[in-house]
Each structure stands twice: as structure tokens, then as C-alpha cells.
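This briefing looks at charged side-chain pairs and at where their partners sit in the fold. Please keep the sequence and the structure in view while reading.

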Amino acid sequence: MNRYKSKILSVAQKTGMDGAVIAGIISRESRAGSALKNGWGDHNNGFGLMQVDIRYHNKEGTWNSEQHINQATNILISFYNTIKKNYPSASKEMWLKGAIAAYNTGPGRVKNLNSVDSYTTGGDYANDVVARAQFFKAYGY
């Protein structure tokens with residue numbers, strides 16, 4: 001993960017997203033690239049460190065580029081804004097957790113912020129990413 005730290009922190013600064021959350025998603029989605037074959041995963045539907053689903057998005061940049069991390073982070077931010085709009089009285093923490101779940105399963109499948117992982121891969125995606133983000137936060141992300 002450390003080889004991508006400067007790119008992650010650059011994107012975090014540009015977008016306002018917590019770099020630890022970006023690192024947490026990279027860790028979960030691709031194991032910092034180690035789970036990918038030539039930058040591809042998920043039966044060749046997921047592209048790059050953050051596994052942008054090419055069925056719904058055009059790929060940007062190379063699989064390990066800052067451009068890719070920026071694209072994926074902006075997708076996460078768009079989901080954050082959707083979740084915030086759908087659940088205006090929730091806390092910022094719950095909006096973020098909902099956005100992380102939506103990153104995995106789509107915002108339409110986040111039906112309840114108290115059980116955001118109901119439809120996520122493994123039933124633990126958002127909680128797992130948050131735990132990973134806490135780890136990365138301790139290492140300066």
C-alpha cells in the first residue's frame with residue numbers, strides 16, 4: 001500500500017475524502033493490487049486498485065494511477081451525496097458508511113443505514129472498509 005500513499009494523499013487533498021478511507025477501499029477491493037491480474041479483477045468487470053466497475057463507468061487512467069484513484073474516489077463521493085440526500089437526518093459517519101456500502105453494491109441497495117451491509121459482498125463490506133481505514137489512519141493516511 002505504501003507505494004500508492006502519495007497518490008492516495010494527493011487525491012484525498014484534492015477531493016476532501018479521507019485518505020484512510022481510500023486506502024481501506026483499495027485494501028478491500030484489490031489487496032493493494034496483489035489480487036489483480038494485469039489490473040483487472042471481478043471476472044474482468046473491475047478495473048484498477050479500487051475496482052471501478054466498467055459495466056457502469058468508463059475506466060480512467062492506468063490501473064494503478066492517481067487518475068484512477070481520483071475517478072473511483074469521485075464515484076464514492078457521488079454515492080456519499082446520494083446517501084446524504086436519501087437520509088438527511090443521519091450523521092456524517094452514517095452517510096460515509098452508507099456511501100462505502102453503495103460503492104460496493106450501488107446506492108439503490110442501501111435501504112437502511114443501520115444495516116448498510118445487508119446487500120454488500122460478504123455482508124461486511126462497509127464495516128470491513130471502516131476497520132481497514134482505522135488501521136491506515138494510524139499509519140498517516
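What follows describes salt bridges in a predicted model, grouped by topic.

The count comes to 7 salt bridges, and the points below take up three of the pairs, including two that involve Arg28.

**Arg28 and its acidic partners**

- The side chain of Arg28 meets that of Asp124 in a salt bridge, with an N to O distance of 3.0 Å; because Asp124 belongs to the loop between helix 4 (92-105) and helix 5 (125-137) whereas Arg28 belongs to helix 2 (residues 19-30), this pair ties together parts that are 96 residues apart in sequence.
- Arg28 also forms a salt bridge with Asp128, where the closest N and O atoms are 2.8 Å apart; since Asp128 lies in helix 5 and Arg28 in helix 2, the pair ties together parts that are 100 residues apart in sequence.
- Asp124 is partly exposed, with a relative accessible area of 32%, whereas Arg28 is buried at 14%, and Asp128 is buried as well.

**A pair between two loops**

- Arg55 and Asp42 form a salt bridge whose closest N and O atoms are 3.7 Å apart; Arg55 lies in the loop between strand 3 (52-53) and helix 3 (66-86), and Asp42 in the loop between strand 1 (40-41) and strand 2 (46-47), so the pair ties together parts that are 13 residues apart in sequence.
- Asp42 is partly exposed, its relative accessible area being 44%.

**A shared network**

- Through salt bridges that share partners, Arg28, Asp124, Asp128 and Arg132 are joined into one network.

Key
Residues numbered from 1 in each chain as written. Predicted model: local features only at pLDDT ≥ 70, side-chain atom pairs only at ≥ 80, totals over all residues. Heavy atoms only, no water. Salt bridge = Lys/Arg side-chain N within 4 Å of Asp/Glu carboxyl O. Helix = DSSP H or I, 4+ residues; strand = E, 2+ residues; numbered from the N terminus. Buried < 20%, exposed > 50% of the residue type's maximum accessible area, 1.4 Å probe, protein only.
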